[in-house]
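Here's a walk through one protein chain, written for someone who'd rather look at the model than wade through tables. Keep the viewer open while you read.

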Amino acid sequence: MAERKRLVAGNWKMNGLRADALALARNVVARARQPHRCELLVCPPATLLAVVGEALAGSDVALGGQDCHAEPKGAFTGCISAEMLKDAGCSHAIVGHSERRHTCGETDADVRAKTLAGWRAGLIAIVCVGEIRAEREGGRAMSVVEAQIAGSLPDGATSQNLIVAYEPVWAIGTGLTPTMADIAEMHAAIRARVPLDARILYGGSVNPKNAGEILALEDVDGALVGGASLKADDFWAIAQACE
Ligand code: PGA
C-alpha cells in the first residue's frame, strides 16, 4: 500500500483582513522552512486568496478555497467557481463543510456537484462529513456519515482527487472531541467506502494538546483545523504532531 502522506489543513473560515492574514501566512511559511513530514494547506477567505497566495509562493504550503459553486461561471451573485479558485492559485477546495450544510442548507447532492466542479477545475476536493450531536447521542452517527459519503462522493473518486474530512458537527469550535475509539471506528468505516489510499482527515477542536493522540490513530491521515489554524504557533505544533 502506498504511504498516505499526512495533511494538516487550516480552515480560516470568515477570519482575517489583509494585514493579519499576510502576517499569519508569512509566519506559517517561515515555520514550514523547517523539516516537516506532513503536507500543509491553508484555506483563507476568498478576499485573501491573492495576498496569501503571494506569501506562500515558493514555499510548500498549498492554498485552498473554503467552498465553490457547482457551475463554472454565470449569474450567481456572491459565489465563486472552482475555476476561479484554480485561477487564484488554489490546489484544493473544501466542500460540504457543516457550516455550509447547516447554515446554507447544502445537501449531499449539492456537495456532490461541488466535488465534481472541483475535479473539473483540477482541484482536490476535501469533502466534509459528520453527524450532529443528537445523531451521535441517538446512536446514528455511523449511518448518518455513511449516507453522507454515499450521497456526496461522485463516481470517479481517487486517492489523487479526493480527501474526506470527518468532522463531527458538535466538536467543531466547541473544544469537545469524540473518544479516540469513536474517531478510530468512524475513520475505519469511511476507509471502507472511499478509494484505497484516499486520505481521511479528522476535524473538530483539534489543538496542539490533542493532535498527537488523534494523529496517531491508524486511519487518521491528517487534520482539518479551524480555530487553531489562526495562530501560527498552534498550527505548526499540530503539524509537528505528525512526526
Ligand atoms: P475547529 O474547526 O478546529 O475550530 O473546531 C474545524 C473545522 O470547522 O474545520
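Helices (H or I, at least four residues) and strands (E, at least two) are DSSP runs, numbered from the N terminus. The expected span of a helix is 1.5 Å times one less than its number of residues.

## Ground rules

What you're looking at is a predicted model, in which local features need pLDDT of at least 70 and side-chain atom pairs count only at pLDDT 80 or more, while totals for chains, interfaces and linings use all residues. Residues are numbered from 1 along each chain as its sequence is written, and side-chain values use heavy atoms, with hydrogens and water left out.

## Helix α1

Start with α1, which covers residues 18–32. This helix has 15 residues, and its first and last C-alpha atoms are 21 Å apart, close to the expected 21 Å.

Which residues of α1 are buried? They are A21, L24, A25, V28, V29 and A32; "buried" here means under 20% relative accessible area, "exposed" means over 50%, and "partly exposed" is in between (1.4 Å probe, protein chains only). These buried residues cover an arc of only 135 degrees around the axis, which puts them on the same side of α1. The arc is that of the directions from the helix axis to the C-beta atoms. Over on the other side, A19 and R26 are exposed. As for what covers the buried residues, the list includes β2 (39–43), α2 (49–56), β3 (61–65) and α10 (232–240), with contact meaning heavy atoms within 4.5 Å.

## Helix α7

Next up is α7, residues 141–152. With 12 residues at 1.5 Å a residue, α7 should span 16 Å, and its end C-alpha atoms are indeed 16 Å apart.

The buried residues in α7 are A141, V144, V145, Q148, I149 and S152. Look down the axis and you'll see them fall within an arc of 135 degrees, so they line one face of the helix. They pack against α4 (98–103), α5, β5 (124–129), α6, β6 and α8.

## Strand β7 and its neighbors

Why can we call β7 (residues 199–203) largely enclosed by the rest of the structure? Because five of its five residues are buried. Both faces are covered: R199, L201 and G203 sit buried on one side, and I200 and Y202 are buried on the other.

β7 pairs with β6 (residues 162–166) in the parallel sense over four bridges; two strands count as paired if DSSP finds at least two bridges between them. One bridge partner to pick out is Y202 in β7, which goes with Y166. To get from β6 to β7 the chain passes through helix α8 (residues 180–191), and this β-α-β crossover is right-handed. That label applies if, with the strands pointing away from the viewer, the path from the first strand over the helix to the second runs clockwise. β7 also runs parallel to β8 (residues 222–225), joined to it by two bridges, and G203 stands opposite L224 in β8.

## Salt bridges

A salt bridge here is a side-chain nitrogen of Lys or Arg within 4 Å of a carboxyl oxygen of Asp or Glu. How many salt bridges does that rule give? The count comes to 16. Take D67 and K114, whose side chains meet at 2.8 Å, N to O. D67 lies in the loop between β3 and α3 (82–87) and K114 in helix α5 (residues 108–120), so this pair ties together parts that are 47 residues apart in sequence. D67 is buried at 18% relative accessible area, and K114 is buried at 9%.

R101 and D108 form another salt bridge, with their closest N and O atoms 2.5 Å apart. R101 is buried at 9%, whereas D108 is partly exposed at 22%. R136 forms a salt bridge with D182, the closest N and O atoms being 3.6 Å apart. That pair links distant parts of the chain, with R136 in helix α6 (residues 133–137) and D182 in helix α8, 46 residues apart. There's also a network, in which salt bridges that share partners join R4, R191, D219 and D221.

## Two positive phi angles

K13 isn't a glycine, yet its phi is positive, at about 55 degrees. You'll find K13 in the loop between β1 (7–11) and α1.

S205, also not a glycine, has a positive phi of about 60 degrees. S205 is in the loop between β7 and α9 (211–215), and at 16% relative accessibility it counts as buried.
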